[in-house]
Each structure stands twice: as structure tokens, then as C-alpha cells.
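Colleague: Before I use this model, I would like to go through the terms attached to it and hear how each one is justified. Could we take them in turn?

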Amino acid sequence: MEVKIGVQHTPREIVLESAQSADEVELAVADALSGKAKLLSLSDDKGRKVLVPADRIAYVELGEPAQRRVGFGAL
């Protein structure tokens, strides 16, 4: 699933493909915004972690689950 995270005072957003479900991502965001966690921690589909300070989150956009690409077309 594609996740876009807007960070305050930063002109670019963070975009990652996550293997986590929409419910898992939503729960992590809710915990960070409610103060239960100081960092929003998400992992992408390649195993890397993205950490964003909870007080700097501007928005989080959840996209549709990524479909596997087939063929030799341009990415």
C-alpha cells in the first residue's frame, strides 16, 4: 500500500510502499498523534524503517494496495 506523509516545514512529502495493512498504518498514526508514541514508525516493503517525529506530522495519506507490475513497460 502506498503511504504519503507530509512533514511540517518540509517542502517534500515522504512516499513509501508498505507491506503493512491500512489498519496497521492507521493504528500507528493514531498512536503517534495521541501521544502514546513520540515517533511514527513505518516499514516499507524492502524492510527499511521510516521514522517521523509525531509533532511534525502534517498529514498521512493512505493509497490503495499496490498491484504487482507485469511486463517490460516504463516504470
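Modeller: Let us begin with the core, keeping in mind that this is a predicted model. A nonpolar core is a set of buried Ala, Val, Leu, Ile, Met, Phe, Trp, Tyr and Cys residues joined through side-chain atoms within 4.5 Å. The largest such core here has 14 residues, and Val3, Ile5, Leu40, Leu42 and Val52 touch the most other members. Two or more residues each come from strand E1 (2–7), helix H1 (22–34), strand E3 (39–43) and strand E4 (49–53).

Colleague: What does Leu40 touch, apart from residues up to four places away in sequence?

Modeller: With those neighbours left out, Leu40 touches Ile5, Ala28, Val29, Ala32, Val50, Leu51, Val52, Ile57 and Val60. As a general tendency, nonpolar side chains in soluble globular proteins are buried together.

Colleague: How do you know which side chains of E3 are buried?

Modeller: The side chains alternate along E3, with Leu40 and Leu42 pointing to one face and buried, while Leu39, Ser41 and Ser43 point to the other face and are not buried. Across the whole protein chain, 23% of the 75 residues count as buried.

Colleague: What makes E3 and E4 a pair, and in which sense do they run?

Modeller: Pairing requires at least two bridges between the strands, and E3 and E4 have 5 bridges, in the antiparallel sense, so by that definition they pair. Ser41, for instance, has Leu51 of E4 as its bridge partner. The hairpin of these two strands has 5 residues between them, and Gly47 there takes a positive phi near 90°.

Colleague: What can be said in the same terms about E1 and E2?

Modeller: E1 and E2 are joined by 4 bridges in the antiparallel sense, and at least two are required, so the term pair applies to them as well. The bridge partner of Glu2 is Glu17 in E2. These strands form a hairpin with 6 residues between them, and His9 in the turn has a positive phi of about 65°.

Colleague: Why is the contact between Arg48 and Asp44 called a salt bridge?

Modeller: The term requires a side-chain nitrogen of Lys or Arg within 4 Å of a carboxyl oxygen of Asp or Glu. The closest N and O atoms of Arg48 and Asp44 are 2.9 Å apart, so the pair meets that cut-off. A search of the whole structure finds 1 salt bridge. In general, side chains of opposite charge can pair when their charged atoms come close.

Colleague: Why is Asp44 described as buried?

Modeller: Asp44 has a relative accessible area of 10%, and buried means under 20%, which means that the label applies. Asp44 lies in the loop between E3 and E4, where its side chain reaches the backbone nitrogen of Lys46 at 3.1 Å and the backbone nitrogen of Arg48 at 2.8 Å. Leaving aside neighbours within four places in sequence, Asp44 is in contact with Leu16, Glu17, Ser18 and Ala19.

Colleague: How do you know whether Ser18 is buried or exposed?

Modeller: The relative accessible area of Ser18 is 5%, and the limit for buried is under 20%, so Ser18 is buried. Ser18 is placed in the loop between E2 and H1. Its side chain reaches the backbone nitrogen of Gln20 at 3.0 Å and the backbone oxygen of Ser43 at 3.0 Å. Not counting residues up to four places away in sequence, Ser18 touches Met1, Val3, Ser43, Asp44 and Asp45.

Colleague: Why is Glu13 called partly exposed?

Modeller: Glu13 has a relative accessible area of 33%; partly exposed covers the range between the 20% limit for buried and the 50% limit for exposed, so Glu13 belongs in that class. Glu13 sits in the loop between E1 and strand E2 (14–17).

Colleague: What makes the link between the side chains of Glu13 and Tyr59 a polar contact?

Modeller: The distance is 2.4 Å, and the cut-off for such a pair of N or O atoms is 3.5 Å, so the distance condition is met. Beyond four places in sequence, Glu13 touches Lys4, Ile5, Gly6 and Tyr59. The C-alpha atoms of Glu13 and Ala58, 45 residues apart along the chain, are separated by 9.6 Å.

Terms used:
Residues are numbered from 1 along each chain as its sequence is written. This is a predicted model: local features need pLDDT of at least 70, side-chain atom pairs count only at pLDDT 80 or more; totals for chains, interfaces and linings use all residues. Side-chain values use heavy atoms; hydrogens and water are left out. Buried means under 20% relative accessible area, exposed over 50%, partly exposed in between (1.4 Å probe, protein chains only). Contact means heavy atoms within 4.5 Å. A polar contact is a pair of N or O atoms within 3.5 Å; within protein, one must be able to donate a hydrogen and the other to accept it, and residues adjacent in sequence count only if both atoms are side-chain atoms.
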